[in-house]
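Grab your viewer and work through these exercises with the model open beside you. Try each task before you read its solution.

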Amino acid sequence: MSSASSLDAISSLCKRRGFIFHSSEIYGGINGFWDYGPLGCEMKRNIKEDWWRATVRNREDVAGLDATIIMHPAIWKASGHLDTFSDPMCTCKGCKKLMRADQIWDILRDGAIGESLAGVLEGGADAAKVAGWCKGKAKGLAPNLKAVLDPEALTAAFGKIKAAPEEYADTERLYALLADAGGAVTPCPYCGGELTEPRPFNLMFKTVVGPVDDPANVAYLRPETAQAIFAQFQNVLATSRQQVPFGIAQMGKSFRNEVTPRNYTFRSREFEQMELEFFIRPDEAVELICGKVTRMADKPDLGAPAASWGWEVWHKYWVEQRKAWIIACGLPADSFVEYWQKPDELAHYARACVDIEYSFPFGVQELEGIAARSDFDLSQHQKHSGKSMEVFDEQLKLAAAKLDDAARQAFSDKVAGEWAARGKAEDAARAFVLKLFDGRYVPHVIEPSAGVDRMMLALLCNAYEEQKLTDDKGKEDTRVVMHFSPRVAPVKVAVFPLVKNKPEVYNRAREVFGRLRKRYAAFWDEGGAIGRRYRRQDEIGTPWCVTIDFQTLEDGTVTVRDRDTMLQERVTLEQLEEKIDAVLIY
Ligand code: GAP
């Protein structure tokens with residue numbers, strides 16, 4: 001199955017079985033918005049609960065937060081979103097469509113023009129075939145392409161392809177040539193027309209707070225959940241009995257007015273994030289307290305956080321924590337990669353950023369990111385709000401008190417030198433060190449930031465399988481099965497009465513269903529042959545199907561059938577619950 005058709009098959013299953021629907025479908029849908037149906041909302045809830053359990057409940061060093069979606073607009077000025085949270089956008093002068101400048105070639109390749117050109121290029125670039133395309137199919141597909149509109153442009157392109165066919169054997173090169181014989185133009189991927197220069201387009205959704213539609217009342221739907229964590233940092237610190245290093249976690253809706261939402265739910269305009277801001281001591285404070293800073297070169301044991309860890313180790317620790325969670329949710333370790341952003345790709349304040357990239361059917365793309373953001377965010381809010389974001393660290397104050405004047409001077413000189421090497425001002429370094437001696441600093445932060453919808457899409461893509469089966473009589477059949485991890489599966493167990501016209505069996509099955517549904521998301525199905533019922537559950541990824549039959553009435557055992565192996569065994573209800581708990585309780 002091609003990647004596109006596998007995404008088509010997955011989205012069609014999601015619609016058919018109630019995982020994901022187009023938002024506002026009865027009115028033709030609204031681009032970039034998706035609704036989660038009965039099974040989808042269960043699965044999404046499982047992902048979020050699992051993240052919350054792993055990130056907050058199962059740890060002693062993380063506290064939770066649930067902040068509002070609309071916040072004071074000054075937050076977005078301080079965070080930089082008002083000034084810089086934008087995508088470069090082009091408009092086509094021909095068809096008037098808007099698109100992200102960095103997605104033009106992707107749109108072309110995935111669209112009808114790209115598909116048609118790929119056909120033309122089968123076996124290499126042939127000038128006559130290309131000319132035939134321009135005079136035929138392209139009139140409907142790319143009517144504003146120069147070589148379609150202007151015979152002279154076509155003649156020029158024809159000559160170039162004839163002279164060097166190997167140069168135009170790929171879709172992009174050929175399309176650019178057909179737009180301009182110089183090949184310097186990027187044409188519209190929808191019609192071949194001329195594009196405007198890219199212009200920044202802010203991705204935040206604007207709204208008005210209160211009855212008066214006045215610029216003074218403008219507010220924004222949050223484009224990320226993270227900023228509320230910084231804005232509430234001092235309140236959480238004061239009330240949670242936490243001390244640095246510790247984290248604040250939040251999950252919830254975020255909104256981005258994406259220019260070209262695409263690839264199903266991958267890039268939506270309304271989506272959910274699960275974000276952790278894990279606050280750590282600046283390395284200089286660690287050095288004063290521990291006498292050294294542990295770095296990755298020291299090969300630390302990443303399973304056991306230590307006071308001497310510097311930012312680099314904390315960052316790698318969180319990369320590993322996030323990978324372990326992703327694997328536990330059911331994505332195999334070889335289905336995603338760590339992409340370490342290069343120095344020129346990093347934001348100016350960031351020390352490191354790792355994207356976890358999953359191999360989606362439409363390409364290897366970001367699933368989530370883990371960034372080491374220094375003290376940028378808290379410092380920005382300190383500057384813009386005028387409220388201190390510093391913490392007082394008793395251990396630091398005690399450690400500094402042990403230094404004599406010479407040692408203090410030497411430490412200050414060392415930090416000033418290190419900061420200068422990173423292009424930071426010496427007087428700022430010395431002021432920072434003076435605060436450290438007083439036990440005060442603005443914490444640095446490691447930010448693991450994940451998307452619920454993206455994780456769910458990856459899990460759907462990973463789980464989908466069409467199995468060819470042959471029965472005892474040699475009859476071939478296709479079984480569609482979603483191999484979800486039981487942790488995220490929307491239904492954990494399905495309960496079937498073997499027959500529905502025998503009240504003893506039927507009522508016993510209802511009793512079993514009543515008992516199981518108190519503990520697990522359970523589903524009742526009494527319709528059709530057992531084999532058909534199994535298939536219906538396979539298609540939604542239910543790990544276990546339980547059948548109640550005549551033997552159940554005699555000895556209390558039921559048949560449990562495993563989704564992946566399709567093997568059945570007889571167990572008591574207690575054994576069944578033990579089996580399920582062994583997987584679901586951790
Ligand atoms: N606070 C950092 C932050 O928001 P980001 O890389 O912009 O970083 C984090 O977003 C995660 O949120 C992404 O890795 C992705 O999983 C999810 N995400 C971002 N934009 C999204 C969109 N338009 N649709 C779906 N998920 C999105």
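**Exercise 1.** Find the bridge partner of Gln 250 in E10, then work outwards to the strands on either side of E10.

*Solution.* Start at Gln 250: its bridge partner in E10 is Glu 275. Bear in mind that this is a predicted model, where local features need pLDDT of at least 70, side-chain atom pairs count only at pLDDT 80 or more, and totals for chains, interfaces and linings use all residues. Residues are numbered from 1 along each chain as its sequence is written, and side-chain values use heavy atoms, with hydrogens and water left out.

Next, step back to the strands, which are DSSP runs of E with at least two residues, numbered from the N terminus (helices are runs of H or I with at least four). Strand E9 (residues 246-255) is joined to E10 by 10 bridges, and the two run antiparallel. Phe 255 stands opposite Glu 270 in E10.

Now look at strand E16 (residues 444-451), which is joined to E10 by six bridges and also runs antiparallel to it. There, Phe 278 stands opposite Ile 446.

Finally, check how covered strand E10 (residues 270-280) is: 10 of its 11 residues are buried, meaning under 20% relative accessible area, with exposed being over 50% and partly exposed in between (1.4 Å probe, protein chains only).

**Exercise 2.** Put E9, E10 and E16 into their sheet and give the strand order.

*Solution.* The order is E3-E9-E10-E16-E13-E12-E11, an open sheet of seven strands with mixed pairing; two strands pair if DSSP finds at least two bridges between them. Strand E3 (62-64) and strand E11 (336-340) are the edges, each pairing on one side only. On average, neighbouring strands here are turned by 25 degrees against each other, direction ignored. For the angles, axes are lines fitted to C-alpha atoms (for helices, over the stretch in contact), and values run from 0 to 180 degrees between N-to-C directions.

Then add helix H13 (residues 233-240), which lies across E3, E9 and E10 and runs at about 135 degrees to E9.

**Exercise 3.** Which residues are closest to the ligand, and what do its polar atoms meet?

*Solution.* Begin with the surroundings: 18 residues surround the ligand, and the closest are Glu 224, Arg 256, Glu 275, Glu 366 and Leu 367. A residue is near a molecule if one of its heavy atoms lies within 4 Å of it.

Now go atom by atom. A ligand nitrogen is 2.6 Å from an N or O atom in the side chain of Glu 275, which is the bridge partner of Gln 250 from the opening exercise. A ligand nitrogen is also 2.8 Å from a polar backbone atom of Ser 268. A ligand oxygen is 2.5 Å from an N or O atom in the side chain of Glu 366.

**Exercise 4.** Is Glu 366 buried, partly exposed or exposed, and what does it contact?

*Solution.* Glu 366 sits in strand E13 (residues 363-372). Its relative accessible area is 33%, so Glu 366 is partly exposed. Leaving aside neighbours within four places in sequence, Glu 366 is in contact with Phe 266, Asp 355, Ile 356, Glu 357, Phe 360 and Arg 454, where contact means heavy atoms within 4.5 Å. The C-alpha atoms of Glu 366 and Tyr 339, 27 residues apart along the chain, are separated by 8.9 Å.

**Exercise 5.** Do the accessibility check for Asp 377: buried or exposed?

*Solution.* First place Asp 377 in helix H16 (residues 376-385). Its relative accessibility is 2%, so Asp 377 counts as buried. The side chain of Asp 377 makes a polar contact with that of Arg 373 at 2.8 Å. A polar contact is a pair of N or O atoms within 3.5 Å; within protein, one must be able to donate a hydrogen and the other to accept it, and residues adjacent in sequence count only if both atoms are side-chain atoms. Leaving aside neighbours within four places in sequence, Asp 377 touches Gln 227, Phe 230 and Val 445.

**Exercise 6.** Which members of the largest nonpolar core touch the most other members?

*Solution.* They are Phe 19, Ile 47, Leu 331, Leu 367, Met 455, Leu 460 and Phe 484, in a core of 62 residues. Helix H20 (residues 452-463) supplies the largest share, nine residues. Apart from this core lies another of 43 residues, Phe 230 among them. A nonpolar core is a set of buried Ala, Val, Leu, Ile, Met, Phe, Trp, Tyr and Cys residues joined through side-chain atoms within 4.5 Å.
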